[in-house]
Amino acid sequence: MFGNNWKNPYLYNLAIDRSAFTPSEIEDMILRIVEKKEVPKILFEQIPLPTKPNFANKSEEEFAKILSFYQIKWEYEPRTFPLEWDSEGNIIESFTPDFYLPDFDLYIELTLQKPRVMSEKLKKN
């Protein structure tokens, strides 16, 4: 998915042969490493966003946090696509997807189930 060779040992901080250790031993190893490195424990709510755009709703902000947590580059509403023009060539209807993931060349639109919000989103120009 990310174009990486997953067998490359340099992609990992730790590799464990599960056939040589019990799950409990593996858990102890990981805990000792984390404690030794003094890795700060970050709550999901504390994940910083690369930029703080004015999100249209809380679900967009949460989605941005998820993308940031997984270190997926994203842009918020970077492009508007014209959908309909009048007879003089003026844009009368357009669509602006919520997110663009440049590494995947992928646009994502989040939708909500609330009828009032949905009708506003559908009219978004």
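The following exercises, each with a worked solution, concern a predicted model.

Residues are numbered from 1 along each chain as its sequence is written, and side-chain values use heavy atoms, with hydrogens and water left out. Local features need pLDDT of at least 70 and side-chain atom pairs count only at pLDDT 80 or more, whereas totals for chains, interfaces and linings use all residues.

**Exercise 1. Helix α2**

Determine how far helix α2 reaches and on which side of α2 its buried residues lie.

Solution.
Step 1. Helices (H or I, at least four residues) and strands (E, at least two) are DSSP runs, numbered from the N terminus. Helix α2 comprises residues 58-69, 12 residues in total.
Step 2. From first to last C-alpha, α2 reaches 16 Å, close to the expected 16 Å; the expected span is 1.5 Å times one less than the number of residues.
Step 3. Buried means under 20% relative accessible area, exposed over 50%, and partly exposed in between (1.4 Å probe, protein chains only). The buried residues of α2 are E60, E61, A64, K65, L67 and S68.
Step 4. These residues cover an arc of only 160 degrees around the axis, and therefore lie on the same side of α2. The arc is that of the directions from the helix axis to the C-beta atoms.
Step 5. Just after α2, Q71 takes a positive phi of about 55 degrees.

**Exercise 2. Salt bridges**

Identify the salt bridges within α2, and a further one that links distant parts of the chain.

Solution.
Step 1. A salt bridge is a side-chain nitrogen of Lys or Arg within 4 Å of a carboxyl oxygen of Asp or Glu. The whole structure holds four salt bridges.
Step 2. K58 and E61 form one of them, at 4.0 Å from N to O. Both residues lie in α2, three residues apart, about one turn of the helix. E61 is buried, at 15% relative accessibility.
Step 3. K65 and E62 form another, with their closest N and O atoms 3.9 Å apart. This pair is also three residues apart in α2, and so about one helical turn separates K65 from E62. K65 is buried at 8%, whereas E62 is partly exposed at 24%.
Step 4. Salt bridges link K58, E61, E62 and K65 in a network.
Step 5. K73 forms a salt bridge with D103, the closest N and O atoms being 3.8 Å apart. K73 is in the loop between α2 and β1 (75-76), and D103, 30 residues away, is in the loop between β4 (99-101) and β5 (106-108). K73 counts as exposed, at 53% relative accessibility.

**Exercise 3. The sheet**

State the strand order of the sheet and explain why β1 and β5 each have one side without a neighbour.

Solution.
Step 1. Three strands form an open sheet in the order β1-β4-β5, with antiparallel pairing.
Step 2. β1 and β5 stand at the edges, each with a single partner strand, so one side of each has no neighbour in the sheet.
Step 3. Two strands pair if DSSP finds at least two bridges between them. β4 and β5 pair over three bridges, and L101 stands opposite L106 in β5.

**Exercise 4. A position between α1 and α2**

Locate A56 and decide whether A56 is buried or exposed.

Solution.
Step 1. A56 is placed in the loop between α1 and α2.
Step 2. A56 counts as exposed because its relative accessibility is 59%.
Step 3. The C-alpha atoms of A56 and D98 are separated by 9.0 Å, although the two residues are 42 residues apart along the chain.
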